[in-house]
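Student: Could we go through this model together? I'd like to hear what stands behind each label.

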Amino acid sequence: MAWNIDLTGQVAIVTGGGRGLGLAIAKELTIAGAQVVVADILPEAEVAGNLDALSPLGLRPIHIPMDLSSEEECKALVKKVVDTLGQVDILVNNAALHGGEWQKAFEVNVLAHFYLNSAAYEDMKARGYGKIVNITTSGTFSGGGGDIKYNATKGAADSLNRYLARRFAADGINVNAIAPGPVLTEMMANYHGEDVFAEHYIPQMPIKRLLKPIDIAKVALFLCSPLSDALCGETILADGGRVRLNPS
């Protein structure tokens, strides 16, 4: 019998799901049958085309524009989803701030995780089921990365992941994280240039290719499914072996 990930009837919130890695995760969850809610600071006009493109694959994701640095908006998001869709089964904390001020980076990369995880916990606990996936970074393992604020706050998010995993586990909620390596998103290609990005990173990659958003989205789909029921408090280093097996 072939394994099949079927999330039909489940509701998933994906932050920063309007483009890039978040959009790839939203796509995989949509294909699996979930009703995805994309929480993104981007306005509807900037993400509508991307979300419309997912309609033939399943239920079109619902877009809710919001500021993740606001505790009130984080709580209101979860309440709105529960009030309108009945539940929250899956939460993927993907949105992140690169650069900017320390305080803002901490608010988006750490506090938003705490606010959303805590709010989703209340609904998940009532039903005895939930999957929470926090996106961190491989830089917390390697000490690399170009932005110290991003690395430091993602390190805090990784610690928060384990703390909340222990707190939520007895209520049937699995909290895990993914630490991606360098992923060739559209933003990275535009900023660095795909050739420059490839020239820099491929020699460091034992798998000898760049990571694409779909690579991380597949790991997220696994963690959002019952196939990952045995995992709790884990951070999966999804970097093509770059940190553990770097040939250099």
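Student: How many bridges join β4 to β5, and what makes them a pair?

Tutor: Four bridges join β4 to β5. Two strands pair if DSSP finds at least two bridges between them, so β4 and β5, with their four, count as paired, and they run parallel. Strands here are DSSP runs of E with at least two residues, helices are runs of H or I with at least four, and both are numbered from the N terminus. One thing up front: this is a predicted model, where local features need pLDDT of at least 70, side-chain atom pairs count only at pLDDT 80 or more, and totals for chains, interfaces and linings use all residues. Residues are numbered from 1 along each chain as its sequence is written, and side-chain values use heavy atoms, with hydrogens and water left out.

Student: Which residue stands opposite Asn 93 in β5?

Tutor: That's Asn 134.

Student: What makes the crossover from β4 through α4 to β5 right-handed?

Tutor: Point the strands away from you: a crossover is right-handed if the path from the first strand over the helix to the second runs clockwise. The β4-α4-β5 crossover is right-handed, so its path runs clockwise in that view.

Student: How do you know that both faces of β4 are covered?

Tutor: Ile 90 and Val 92 on one side, and Leu 91 and Asn 93 on the other, are all buried. Buried means under 20% relative accessible area (exposed is over 50%, partly exposed in between; 1.4 Å probe, protein chains only). So each of those four residues falls under 20%.

Student: Why do β3 and β7 count as edges?

Tutor: The open sheet of seven strands has the order β3-β2-β1-β4-β5-β6-β7, with parallel pairing. β3 (62–65) and β7 (235–238) each have a single partner strand, so one side of each is left without a neighbour in the sheet.

Student: Why are α4 and α6 called roughly parallel?

Tutor: They pack at an angle of about 15 degrees, with their axes 9 Å apart. Angles under 35 degrees count as roughly parallel (over 145 is roughly antiparallel, 65 to 115 roughly perpendicular, the rest oblique), so α4 is roughly parallel to α6. Axes are lines fitted to C-alpha atoms, for helices over the stretch in contact, and angles run from 0 to 180 degrees between N-to-C directions.

Student: Which residues make the contact between them?

Tutor: Contact means heavy atoms within 4.5 Å. Among the residues involved are Trp 102, Phe 106 and Tyr 121 of α4, and Tyr 150, Leu 160 and Phe 168 of α6.
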